[in-house]
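Student: I would like a close look at a single part of this structure. Please take one residue, then work outward from there to whatever surrounds it.

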Amino acid sequence: MLSRIISCGLHGIDGYIVEVESYISGGLPDFDIVGLADAAVRESKERVRAAIKNSGFEFARRRITVNLAPANMRKEGSIYDLSIALAILAATGQVSLPATAGMVFLGELSLDGGIRKIDGALSMALCAKSTGQRGILLPAQNSGEAAVVKGIDVYGAASLIEVIDFLNGDLCLEPCAGICDFDMLQKDNDAAGSPKPDFSDVKGQNGVKRALEIAASGSHNCLMIGPPGSGKSMLAGRLPGILPDMTFEEALEVTKIYSISGLLPSNIPLITQRPFRSPHHSVTQAGLIGGGKYPKPGEISLAHNGVLFLDEVTEYGGSLLETLRQPLEEGKVHIARLNATLTFPASVTLICAANPCRCGNRFEKNKKCTCTPGQLRDYMNRLSGPLLDRIDIHIEAASVVYDDLSGQGMAESSAVIRKRVNRARKIQTLRYYGTGIYSNSQLTPSMLDKYCRPCLKGEKLLKRAFDKLGLSARAYGRILKVSRTIADMDDCEEIQAAHIAEAIQYRTLDRRAI
Amino acid sequence: MKTDFEQEELPYWLWLVSLPGIGPVKALQMIGFFETPRRIWEAGRRGLADAGIINEDELNTLTSVTYMEKAYKHVETMHKHGIRALTVNNSSYPFGLRRIKAPPIVLFIKGRLSSGAGLGIAVVGSRKATDYGIKAAGVIAESLASAGVIIISGLARGVDSAAHRGALEVGGKTYAVMGCGLDIVYPAENKELYEEIASKGAVISEFLPGTIPQSCNFPMRNRIISGLSSGVVVVEAGRKSGALITADHALEQGKEVFAVPGNIFSKMSEGTNRLISQGAKLTASAADVLDEFGMTYDATGISVIKAGNDREDKNAGCGEEYIEGGGEAGSAAEAESRSGLLNDAAIRCKSNMETDEYLLYRFISDKTVHLDEIAAGCGLEIQDAAAKLFLMEISGLVEQLPGRFYKVNKSCGCVQLIN
């Protein structure tokens, strides 16, 4: 009268094994679920009862107790429906209990006995594998996603009857075939996705394009300042097209986050393109860095390994931007709640865009800026020093001149730029192999000496530039990192004076202002 | 430690200037009658009424104890902030200032006023100055200061700050006249500049400590700027700029007025251009100012200038700025190194400038051009153009303006060489 089925729960982006125990005893008919279950789990009583009956099985009219162990962790969601149903059926002898050994069962039941899609299948499949389970059975729509995990049998099922027949040996289910070739999948996904906007759509603005190429190559945080209509948002929107390819490990991390957030489309088992997120400036703190009663990843985590684009960055609430400081530094977000502290990955390339001033005409050649010095100062003060500290590249965009717009000359396409970006990124991956970092932007101060030694001429230039332009000390490390990336794009092991010179050009906000 | 004067007399002076409704003119009349503020206080209601200078209302203010109590507090604040007071009867009170119509009864000072009769020139202008105004103020103040002139201005944003910075840059002396108490820094972002001026020159105000920068204070402050100086250079001023008030004061006080000409389409030059049409001296360099005073340089000054001229001939001209740069009286050695630097640049322009740099330089010529345009126009990759332009910027050949616009740096003096 006792049965035990293995299932899985989610804690942050990782899964943990949950044992679903069911005990059926005499007494008044009753159905109880214990083990810190939330409302959605407790409601599963009704779904389980209906699904079992509608699948043609008997729902025991006895006292049923279901325990979700470990009983001290809070369980949420509807993923335990299937395992609860199986535990009850096994306890009443309608399902062969030995057949369930070593298998993880996940899935939400519908009243007619169908199995519905769940969130976080990938994380739970990874958990099943790491804890040495034999196989995992989950909704058919999630099977592709879970099959990414190698070394464990993944079965997809569409209804409760299928599962029961399979366990009783009346039906033969084939394990899902995982993806064989990551590169192939990447190409397929590239081709399948809707066509992305291309860099060649943007006429002119070669300076900004170059800066974005550097940002993509070295994963540098970047701030674009320019008048309205200078194409900041347009250029940022085309950034995903030139971001370097993801490695399999990176793709797994990204997919896990999307999977637990329920944002993974069922036809894409693995996300192979770097994410690009651009939350509106009315986003809340929980929406940006993550949160909620059962903490969910925020925009910064959804942009993990990709780009977080904050358009009109001066319009975001001051404290909102400050909350980005720690994640930008660490590449992780820690969310503390009453019952647990969760950590979500949040290693992003931050791209910000802002107007140069309140009226927006500051860099315009033919329009007059009407801002007072006080307004100018207040406007720029909306970006705090510590936040600017974390931004490597400042780029000023001017309005596009008519000649550029009407010009027939073809601008470079994203594909061409992306090839260069990929090459530069490969150099970095090789150089930093085994050091725990993978791009120039992540270099620590102690690593600067080792990897970013400029040539003699470059060093002299840097010193002169500091004296002449009154650059702040914090600019030093940033300039070296960016010049490292520029040198990599040039396929140069040593940083040359020209690389330093270009890098200094991207520190406009550090210059002494009068 | 407080001096005897601070203990005994100063509170009475502060009391006198803190009285509402009693301005410098009336106060001076009373001092003329009673000799010291202390005696005014001691004269009592009777004595004051007998003097026949003041009316009934003012009599009430003068005999009220509240103001006297506050005056003692002011002495404490001054002591705390290191502010000194210079009273109008003091022999070191600036001579030129004492002669104006309503000289401040008490000058509050942080720093040191130069005791000699050095030439003081005010460099003033708009707070919303353009790049041109900032640059002109800086260059003119630099050259004047290196010729030993004291630069006087108002620590405001824009032209004023640029003038102070220019003077400090070459180690010159500069005074900032404030429109608020000296315990307040206004505008706040000039705090560092304020400290530097206080340590190397002087910050001056006629307002009691704690006075906030009210807009009505500034026109009053302007009369001190012009009063302290022998001439006023207006660098950039819109039609209603406060700098024009300074110019008016200067005219009333019989001081020279100079104006830096500007673009006829620029709003910020409307005031200065009008000043010129009204007879102010057109000022394109420090020499124009010094000329007006028949400026007789001392021995060192002349020799440095001559040396500069010689070198200029050899190198086929390095522009005017350079000579003025060499006109520094105080440290000839520094002037030498300065001119050496410019020489370097000049020689580079002539012989060593790379083909690309020359190309870029010619392309920009007298326009303000965006980086993208320069790169396209010269057939260079954007990164190469950016790197080259930066090197040129470091050598002082070009200047970068906000928004990645570039223009040729005229004050470098290499323009003639190229053309």
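Tutor: Start with A:Leu509. This residue has 16 C-beta neighbours inside 10 Å, so A:Leu509 counts as partly exposed. Keep in mind that the model is predicted. A:Leu509 sits in the segment that follows helix H22 (497-504) of chain A. Setting aside neighbours within four places in sequence, A:Leu509 is in contact with A:Leu388 and A:His394. A:Leu223 is 286 residues away from A:Leu509 in sequence, yet the C-alpha to C-alpha separation is 9.9 Å.

Now place these residues in their domains. Chain A is assigned domain 1 (2-167), domain 2 (189-437) and domain 3 (443-514). By those bounds, A:Leu509 belongs to domain 3. A:Leu388 and A:His394 fall in domain 2. The C-alpha centres of domain 2 and domain 3 of chain A are 22 Å apart. Across this boundary, 18 residues of domain 2 of chain A are in contact with 14 residues of domain 3 of chain A. On the domain 2 side, at least two residues each come from H8, helix H16 (385-389), E18 and helix H18 (414-431) of chain A. H18(A) supplies the largest share of that side, five residues. By type, the domain 2 side divides into eight nonpolar, five polar and five charged residues.

Follow A:His394 next. Strand E18 (393-396) of chain A contains this residue. Both faces of E18(A) are covered. A:Ile393 and A:Ile395 are buried on one side, and A:His394 and A:Glu396 are buried on the other.

E18(A) belongs to an open sheet of five strands, in the order E11-E14-E17-E10-E18, with parallel pairing. Strand E11 (276-277) and strand E18 (393-396) of chain A are the edges, each with a single partner strand, so one side of each has no neighbour in the sheet. For E18(A), the pairing with E10(A) is parallel and runs over four bridges. There A:Ile225 has A:Glu396 in E18(A) as its bridge partner. At the other edge, E11(A) pairs in the parallel sense with strand E14 (residues 307-310) of chain A over two bridges. A:Phe276 has A:Val307 in E14(A) as its bridge partner.

A helix lies across this sheet. Helix H8 (residues 206-218) of chain A crosses strand E10 (222-225), strand E17 (349-354) and E18 of chain A. H8(A) runs at about 165° to E18(A).

Step back to the nonpolar interior. In soluble globular proteins, nonpolar side chains tend to be buried together. The largest nonpolar core here has 158 residues. Those with the most contacts inside this core are A:Ala85, A:Leu106, A:Ala125, A:Ile136, A:Ala146 and A:Cys222. Helix H3 (residues 81-91) of chain A gives the most to this core, with nine residues. A second, separate core has 85 residues, including B:Val106, B:Ala122, B:Ala162 and B:Leu275.

Take A:Ala125 within the largest core. Beyond neighbours within four places in sequence, A:Ala125 is in contact with A:Ile136, A:Ala146, A:Val149, A:Ile152 and A:Val154. A:Ile136 and A:Val154 are also bridge partners, the latter in E9(A). On the opposite pairing, A:Val104 stands opposite A:Ile136 in E8(A).

The strand around A:Ile136 deserves a look. Strand E8 (residues 135-139) of chain A has four of its five residues buried, so this strand is largely enclosed by the rest of the structure. Three bridges join E8(A) to strand E5 (residues 103-105) of chain A, and the two run parallel. E8(A) also pairs with strand E9 (residues 153-157) of chain A, in the parallel sense, over five bridges.

Finally, set this against chain A as a whole. Chain A has 22 helices and 18 strands. Its C-alpha trace spans about 90 × 45 × 45 Å along the principal axes. Of its 514 residues, 46% are buried. Among contacts in chain A between residues at least 6 apart in sequence, 74% join residues at least 24 apart.

How values were computed:
Residues are numbered from 1 along each chain as its sequence is written. Chains are lettered from A and ligands numbered from 1 in the order in which they are written. This is a predicted model: local features need pLDDT of at least 70, side-chain atom pairs count only at pLDDT 80 or more; totals for chains, interfaces and linings use all residues. Two strands pair if DSSP finds at least two bridges between them. Two residues are in contact if their C-beta atoms, placed from the backbone, lie within 7 Å. Axes are lines fitted to C-alpha atoms, for helices over the stretch in contact, and angles run from 0 to 180 degrees between N-to-C directions. A nonpolar core is a set of buried Ala, Val, Leu, Ile, Met, Phe, Trp, Tyr and Cys residues joined through C-beta atoms within 7 Å. A residue is buried if 20 or more other C-beta atoms lie within 10 Å of its own, exposed if 12 or fewer, and partly exposed in between; C-beta atoms are placed from the backbone. Domain bounds come from an automatic or database domain assignment. Ala, Val, Leu, Ile, Met, Phe, Trp, Tyr, Cys and Pro count as nonpolar, Asp, Glu, Lys and Arg as charged, and the others, Gly among them, as polar.
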